[in-house]
Amino acid sequence: MLSAVLAWVLALCAVTAGVLVFRFDSMARATFALLASLLCVAGEVLLLGLQYLGVVIVLMMTIEMAVMAVFMIMFMMNPAGLMPMAMLHNTRAAAALCAALFALLATGVLTADWPRATGRPPADPTFELGMSLMGPQILTMMTLGTALFATIVATVVLATRRGRYDRWGDDLRAARPDDPARGGVGR
Amino acid sequence: MTLSLLMLLAAALFCTGLFGVLTQQSVVMLMMGLELMIGAVILAAAAAWRHLAPANADGQVVVILAVTAMALEMAVGFAVVTALFRTGEKDLTDQAAELRG
Amino acid sequence: MADSAPLWAAAALPLLLAPAALAVACADGRSVAPVREVLRLLVQQPRRTRAADALATRTGTVLLPLAAVLAAAVVPLGATPVSDLGDGVVWFNAMEALAWAAVWLTGWGPNSTLSLVGGYRFLAQGLAYEIPHMLALTTAALGAGSLRVTEIADAQRGLWFAVWMPAAFALYLLSAAAMSFWGPFGQPAGRDLAGGVATELTGVGRLLLLGGRRLLLLTSAAMAVPLFLGGGHGPLLPGWAWTLVKTGAVLALLLWLRRRLPGVRMDRYTELSWVVLTPLAVLQALVVAVVVLP
């Protein structure tokens with residue numbers, strides 16, 4: 001009973017916060033509205049009995065949104081929303097499309113003949129997840145690892161303008177790198 | 001807390017996020033919409049695990065996948081925005097219609 | 001496996017932590033000035049800045065002590081935490097991560113340059129300390145083969161993790177100071193910024209932020225006990241007394257170190273953290289993994 005009420009409250013909060021993301025003028029508020037929405041999703045995941053995944057979502061989303069706030073403010077011309085302006089295009093078609101999509105999805109959800117659950121949840125879903133990731137799903141895990149590593153390389157390449165020739169000179173023979181900010185380890 | 005409620009919530013979040021993606025001009029706001037859409041995927045996967053196949057951990061693996069996808073999306077997205085802004089002071093999607101630097 | 005404490009313990013936790021945090025502040029300053037300061041802030045007239053985002057400030061200032069108390073819920077006193085979660089270590093880490101949002105929001109809220117710079121400084125510091133910190137927590141969990149905090153404490157009946165995971169322990173202590181932006185890591189609220197994130201805060205808001213920072217320090221010092229110092233296990237004394245003694249020892253070590261270390265700028269610490277400390281933490285985790293591998 002309590003969990004059902006909680007699920008409804010969290011659902012309403014998630015949608016409200018999700019809508020507010022695009023209603024706020026202040027980028028800080030928009031980012032943290034998104035965080036609130038995602039934390040509500042994490043709450044629903046916790047209610048479903050996935051303790052580990054719920055807490056991991058809380059951890060990841062908090063850090064991610066804190067970093068995101070920096071970029072939001074960096075790349076918006078009006079980050080604090082003190083002079084409200086519309087930064088939208090194509091609103092009407094998008095609204096129609098999204099409403100139609102929601103109607104379609106909702107019809108599907110409500111009319112689908114969902115299968116009955118097979119089996120019961122294990123006593124410790126976290127353990128099951130670990131065994132699965134390290135066993136039959138090891139390929140998924142390795143793909144994720146490779147993707148993460150590739151992302152680290154790709155983001156650094158994309159985001160930095162200075163390469164090794166800028167740092168170590170044209171013949172790469174400079175005694176110490178020419179960096180705009182001094183480093184912390186022995187330099 | 002039925003499967004239908006959670007799936008409806010996921011659909012609502014997905015459509016809200018999609019609306020943001022389609023309407024926002026700023027690239028960073030567009031990414032907020034994407035995050036919301038992936039949040040809906042996370043919720044749908046967790047709900048499907050609990051209500052359809054709880055004995056199997058595959059639903060949880062999908063959640064892990066979606067969470068990772070979210071992190072990757074944000075990292076690459078911000079790197080691309082930074083690169084776009086470096087090359088031509090572009091921070092709106094309309095300005096970035098071509099990939100030429 | 002220990003049981004969770006009764007429900008009233010959840011209400012008693014903040015009442016227990018707040019005076020302890022005040023005592024830490026007094027010991028840190030070697031005077032009773034913090035007590036006077038608390039009383040002064042409780043009655044201080046609030047001051048407002050122009051075009052401030054009051055909601056952001058309020059969320060941030062309330063969130064920081066709340067996060068510290070929620071993190072403390074999994075720290076066992078003796079053998080009994082308020083809530084013995086199956087993945088207590090992850091919970092602890094997630095609650096600390098809320099400090100990122102809290103401190104940045106507090107810096108953003110007052111519409112003041114100095115406090116916003118303080119907020120940014122904390123994010124930069126967070127990027128530096130978080131990875132070695134997570135790896136240190138992972139290492140302790142790996143050594144015990146469990147994410148449950150009480151099981152990690154029980155796994156150290158014979159040998160403390162601090163003895164055979166010294167690098168993880170040292171990194172944990174470093175990040176404990178860094179996450180409560182205190183001592184050598186105090187730049188986000190530094191004097192060069194006229195108080196950084198706390199510049200524009202007055203009255204209860206200031207009390208909550210500065211108190212929340214002490215609470216965070218206290219909680220992370222207390223968490224070092226079950227993670228690395230054998231929890232409540234020890235001869236003669238009962239478990240809760242050992243927990244208190246060990247927490248006091250960790251705090252004394254931190255306070256002693258604070259007076260001997262210079263301030264660390266977060267950009268330099270970031271490079272140190274990513275180039276030296278993170279590989280060190282990975283190596284430590286590798287050693288532990290090889291040892292516990294059956």
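User: Before we look at chain C, what makes a stretch of chain count as a helix here?

Analyst: Happy to start there. A helix is a DSSP run of H or I with at least four residues, and a strand is a run of E with at least two. This is a predicted model. By that definition, the elements of chain C run α-α-α-α-α-α-α-α-α-α-α from the N terminus on, and the count comes to 11 helices and zero strands.

User: How do you know that chain C is as compact as a globular protein of that length?

Analyst: By setting its radius of gyration against the globule rule, 2.2 Å times the number of residues to the power 0.38. For 294 residues the rule gives 19 Å, and the radius of gyration of chain C is 19 Å, so chain C is as compact as a globular protein of that length. Its C-alpha trace spans about 60 × 45 × 35 Å along the principal axes.

User: What makes a residue of chain C count as buried, and what percentage of the residues do?

Analyst: The cut-off is 20 or more other C-beta atoms within 10 Å of the residue's own. In chain C, 55% of the 294 residues count as buried. As for contacts with a separation of 6 or more, 81% of those in chain C join residues 24 or more positions apart.

User: Turning to chain A, how do you know which of its residues touch chain B?

Analyst: Two residues are in contact if their C-beta atoms lie within 7 Å. On that basis the contact takes 70 residues from chain A and 59 residues from chain B. On the side of chain A, the elements giving two or more residues are α1 (2–21), α2 (27–47), α3 (51–75), α4 (91–111), α5 (125–134) and α6 (138–159). The most comes from α4(A), with 11 residues. By class, this side has 51 nonpolar, 14 polar and five charged residues.

User: Which elements of chain A give two or more residues to the side that touches chain C?

Analyst: First the contact itself: 24 residues of chain A meet 26 residues of chain C. The elements in question are α2 and α3 of chain A, and α3(A) provides the largest share, 13 residues. This side divides into 17 nonpolar, six polar and one charged.

User: Why is residues 6–24 of chain A called a "transmembrane region"?

Analyst: That name comes from UniProt, in an unreviewed entry, which also lists 31–50, 56–81, 93–112 and 138–159 of chain A. In the model, residues 6–24 of chain A are 84% helix and 0% strand, with end C-alpha atoms 26 Å apart. Residues 56–81 of chain A are 77% helix and 0% strand, and their end C-alpha atoms lie 32 Å apart.

Definitions and conventions. Residues are numbered from 1 along each chain as its sequence is written. Chains are lettered from A and ligands numbered from 1 in the order in which they are written. This is a predicted model: local features need pLDDT of at least 70, side-chain atom pairs count only at pLDDT 80 or more; totals for chains, interfaces and linings use all residues. Ala, Val, Leu, Ile, Met, Phe, Trp, Tyr, Cys and Pro count as nonpolar, Asp, Glu, Lys and Arg as charged, and the others, Gly among them, as polar. A residue is buried if 20 or more other C-beta atoms lie within 10 Å of its own, exposed if 12 or fewer, and partly exposed in between; C-beta atoms are placed from the backbone. UniProt positions are given in the numbering used here, feature names are shortened, and annotations may be inferred rather than shown by experiment.
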